[in-house]
Amino acid sequence: MLEKWGRQCAYCGAKNVPLEVEHIQARSKGGSSRVSNLTLACTECNQDKGNKDIKEFLKRKPKRLKKIKAQAKAPLKDAAAVNATRYATGNALKGFGLPITFSSGGRTKFNRLKLGYKKDHWIDAACVSWRLCSFVIPQAITPLILTAKGRGSRQKCSLLSIRLSENGAQKA
Ligand SMILES: [Zn+2]
C-alpha cells in the first residue's frame, strides 16, 4: 500500500506523517476492504473525510479525485512481486542453515526513529531488525560513497566505471 500510494496521504499529499488505511467508499456505506477500495490518509484527512463520499470530500480538488480513482484501480503487482521474491530468497538461504529472519520497512523506520537517527539508506541498513538493537554511529563517520556511471552506450554488458570516493580521496 505504501508503494502504491507513494508513501503519502492520498488526499493532501502529506509525507513523513503516520498514515492510516482509509476506505475510499466508507464501510458504513457498503465499501469493501478490497485493495481497490483502500488508500492511505493522514489522521487529519482520515477524520475529516469520515464516511463522506469521496466526490463530496474532494469536490474542490477534482484533479486529485481523478488521480485517486485511477490509482485505486492499479493492482499491487509490483509489491506482490517484491514480496514473493524476498520470501523465496530468504527460504532458499534457510536451506543453508543460515539464521534468516524477515523484517519490514516499517520496523526499520521504527528502529531508526527510536534511536534518533536521520533518514539515510546506510543508516536504514543498520536499523534492519525485528528487535531494537541499540548502536551508536560516531559523528565523525561518513559512509563510503559509490557512484556507478554508464559510459554513454546502451550495451548491457559493458563495464561501468565505478568511482569510489571516501571524502573524494580514492578513485578506481
Ligand atoms: Zn492528509
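User: What average pLDDT does the protein get, and what share of the residues score at least 70?
Analyst: The average is 83, and 87% of the residues score at least 70. pLDDT is the predictor's own confidence in each residue, running from 0 to 100. This is a predicted model: local features need pLDDT of at least 70, side-chain atom pairs count only at pLDDT 80 or more, and totals for chains, interfaces and linings use all residues. Residues are numbered from 1 along each chain as its sequence is written.

User: Where is confidence lowest, and where is it highest?
Analyst: Strand β4 (residues 161–165) sits lowest with a mean of 48, while helix α1 (residues 43–49) tops out at 96. Over residues 165–172 the pLDDT is below 50, and this stretch has 10 contacts in the model beyond near neighbours in sequence; a contact means C-beta atoms, placed from the backbone, within 7 Å. Where pLDDT is low, don't read the predicted coordinates in detail.

User: How do you know which helices and strands to count, and how many are there?
Analyst: They're DSSP runs numbered from the N terminus: H or I over at least four residues for a helix, E over at least two for a strand. That gives six helices and four strands, in the order β-β-α-α-α-α-α-α-β-β.

User: Why is Y87 called what it is, buried or exposed?
Analyst: Buried takes 20 or more other C-beta atoms (placed from the backbone) within 10 Å of the residue's own, exposed takes 12 or fewer, and partly exposed is in between. Y87 has 11, so it's exposed. Y87 belongs to helix α4 (residues 77–94), and its C-alpha atom is 8.2 Å from that of F102, 15 residues away along the chain.

User: What makes β1 and β2 a pair?
Analyst: Pairing needs at least two DSSP bridges between the strands. Strand β1 (residues 19–23) and β2 share five, in the antiparallel sense, so they qualify. Within that pairing, E20 stands opposite A41.

User: How covered is β2?
Analyst: Mostly: four of the five residues in β2 (residues 38–42) are buried. Across the protein, buried residues make up 10% of the 172.

User: What makes a nonpolar core, and which residues form the largest one?
Analyst: It's a set of buried Ala, Val, Leu, Ile, Met, Phe, Trp, Tyr and Cys residues joined through C-beta atoms within 7 Å. The largest has nine: W5, C9, A10, Y11, L19, L40, A41, C42 and C45. β2 gives the most to this core, with three residues.

User: Which residues does A41 touch, leaving aside neighbours within four places in sequence?
Analyst: A41 is in contact with C9, A10, Y11, L19, E20, E22, N46 and K49.

How values were computed: Contact = placed C-beta atoms within 7 Å.
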